[in-house]
Amino acid sequence: MSLALAVAKNRLFNLKRDRAAFVLAFVLPVAFFTIFAAIFSGSGRSATNRIPVAVVDEDGSATSRRFVAGLEGEAGLDARTAPAAKKGAPQPPAYTAATAEQAVRAGDLSVALIIPKGFGEHPMAFAGGAASDSGRSTLRVLADSADPVASQVLQGLLQRVAMTSLPGAMAREGMAEVDRWSGGLTPEQKARMDDVLRAIDAPRPPGQPDPPRRATSAGSGLVAVDVKDVVGQAKRNPLVTFYAAGLGVMFLLFSATGAGGALIEEAESGTLDRILSTRVSMVTLLLGKLVYLAAVGVVQLTLMFVWGWLVFGLELVPHLAGFALMTVATALASSAFGLMLASVCRTRMQLVAVANLAILLMSAIGGSFYPRYLMSEKLQRFGLLTINAWAIDGFQKIFWRDEPVWSVWPQFLVLVAASAVFVLIARRVARKWELA
């Protein structure tokens, strides 16, 4: 028994000295748990994030304005009648049907709501039939099918807001149904009902709280809703683009970091000293390795997307120019990141531990595993610190939103700038081998 304890003690001592094994055993699981707990718990606030929605009121009636106010007060929605003003810039004009649809197509919002003319006259009905049969207006929802959750949740919340914000309209429609099916109300009854409706519609005095809200079923159908997919409706397989980009970037990072580790092996074997004793400088060596790693990365991403094109119907041929631009930028950034890690780490095992921790965390918050638009706003902002997020956003613009090549210039410039920063850091740290 004492020998067994001695063996266990020796292994624990070795584990303490082996930083790579220690990180993989204790740090990486806790880090992953923290990231995914934050993703699926709404960063500790709510399991469901508020859904941003552009609201266009084409009716402009008192009823539609009351409905818009109800949408703005709904806890599950972030209703916006105009785009958010940028710092130091004037307030943009209110959304129109065209600009709201453009915002959905550009990926600024997942859904937009159009309140049509005539909504104030017949906003809802209890007949349960089609909107044309009951005379009620139909709300139009413009959706991005890449985010099917947003449109489904919005439909349910529209029914709740209709009940809680339009009690007068609901009472009028109910009275109309009673009048229709009861053989007609007497003039006295109609007069009393009009008095009640005026009291319901009258604005509450300042400081008086709103009446308590009661949730209603999404299937109650108080308001008619027509959902139209304006992005991705013709795509054969919506998830192919996301996973081709997300997983492609993640494995490219692993591959580049592993190949960049050859720098450490060359330093340990003395090969690096012999190389530097020739006319090859450290700058030349790093740039040569960067070109090699980037070329391999381009081939890897190309194989990934060609496979998606041949097997899953990914629309590669119409988007070759945008694909080439994003592939080169992504391969450069991933390769430069791998070289930087290889320069910072002292041993191959240390590189493995650091790379696994960094790449898996970057992939988690950068959107390789789980779409960023479903994360909390805080995590989405953190995701912009990763290569994954910028690469995925660029590929999504090209393949999902069918945007022109020049639309990816922010993603391209950020990835190229990140490549330059990583190479400069690698060059700075690599001085330790020149001075050795």
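Me: Why does Arg-105 count as partly exposed?

Reply: In this predicted model, Arg-105 has a relative accessibility of 38%. Buried requires under 20% and exposed requires over 50%, with partly exposed in between. The value of 38% therefore makes Arg-105 partly exposed.

Me: What makes Glu-101 and Arg-105 a salt bridge?

Reply: The closest N and O atoms of Glu-101 and Arg-105 are 3.0 Å apart. The cut-off is 4 Å between a side-chain nitrogen of Lys or Arg and a carboxyl oxygen of Asp or Glu, so the pair qualifies. Glu-101 is partly exposed, because its relative accessibility is 22%.

Me: Why are Glu-101 and Arg-105 separated by about one helical turn?

Reply: Both belong to helix H4, residues 97-106, and they are four residues apart in it, which means a separation of about one helical turn.

Me: What does the salt bridge between Glu-266 and Lys-289 tie together?

Reply: The closest N and O atoms of Glu-266 and Lys-289 are 3.2 Å apart. Glu-266 lies in helix H10 (residues 262-269) and Lys-289 in helix H12, so the pair ties together parts that are 23 residues apart in sequence.

Me: Are Glu-266 and Lys-289 called buried or exposed, and why?

Reply: Glu-266 has 17% relative accessibility and Lys-289 has 16%. Buried means under 20%, so Glu-266 counts as buried and Lys-289 counts as buried.

Me: Which side chain meets Asp-78 in a salt bridge, and how many salt bridges does a search of the whole structure find?

Reply: The side chain of Arg-80 meets that of Asp-78, at 2.9 Å from N to O. Arg-80 is partly exposed because its relative accessibility is 25%. The search of the whole structure finds eight salt bridges.

Me: Where is Gly-76, and what makes it partly exposed?

Reply: Gly-76 is in the loop between helix H3 (62-73) and strand S2 (77-80). Its relative accessibility is 23%; the lower limit for partly exposed is set by buried, which means under 20%, so Gly-76 counts as partly exposed. The C-alpha atom of Gly-76 is 8.8 Å from that of Val-153, a residue 77 places away along the chain.

Me: Which residues touch the most other members of the largest nonpolar core?

Reply: They are Phe-305, Phe-337, Ile-387, Phe-395, Phe-399 and Leu-415, in a core of 44 residues. Helices that each supply at least two residues of this core include H9 (238-260), H14 (348-366) and H17 (409-429). Helix H13 gives the most, with 11 residues.

Me: Which residues are in contact with Phe-305, leaving aside its neighbours within four places in sequence?

Reply: Phe-305 is in contact with Ala-244, Ala-245, Leu-314, Leu-316, Phe-323, Phe-395 and Phe-399. A second, separate core has 26 residues, including Val-55, Ala-79, Val-141 and Leu-166.

Me: Which residues form one aromatic cluster?

Reply: Phe-305, Phe-323, Phe-395 and Phe-399 form one aromatic cluster. The aromatic pairs number eight, counting rings whose centres lie within 6.5 Å.

Me: Why is Ser-334 called buried?

Reply: Ser-334 has 0% relative accessibility. The limit for buried is under 20%, so Ser-334 counts as buried. Ser-334 lies in helix H13. With neighbours within four places in sequence left aside, its contacts are Leu-252, Leu-253, Ala-256 and Ile-387.

Me: What makes Trp-307 exposed?

Reply: Trp-307 has 54% relative accessibility. Exposed means over 50%, so Trp-307 counts as exposed. Trp-307 lies in helix H12.

Me: Which residues form a nonpolar patch on the surface?

Reply: Trp-307, Trp-309, Leu-310, Val-311, Phe-312, Val-317 and Leu-320 form this patch, with about 730 Å² of accessible area together. Helix H12 supplies the largest share, five residues.

Me: Why is Arg-427 called partly exposed?

Reply: Arg-427 has a relative accessible area of 25%, and partly exposed is the range between under 20% and over 50%, so Arg-427 is partly exposed. Arg-427 is found in helix H17. Its C-alpha atom is 8.2 Å from that of Met-340, and the two residues are 87 apart in sequence.

Terms used. Residues numbered from 1 in each chain as written. Predicted model: local features only at pLDDT ≥ 70, side-chain atom pairs only at ≥ 80, totals over all residues. Heavy atoms only, no water. Buried < 20%, exposed > 50% of the residue type's maximum accessible area, 1.4 Å probe, protein only. Core = buried A, V, L, I, M, F, W, Y, C linked by side-chain atoms within 4.5 Å. Contact = heavy atoms within 4.5 Å. Patch = residues over 30% accessible without salt bridge, like charges linked within 9 Å, V, L, I, M, F, W, Y side chains within 5 Å. Areas by Shrake-Rupley, 256 points an atom, 1.4 Å probe, with all protein chains shown as cover. Phe/Tyr/Trp six-rings, centres within 6.5 Å; stacked < 30°, edge-to-face > 60°.
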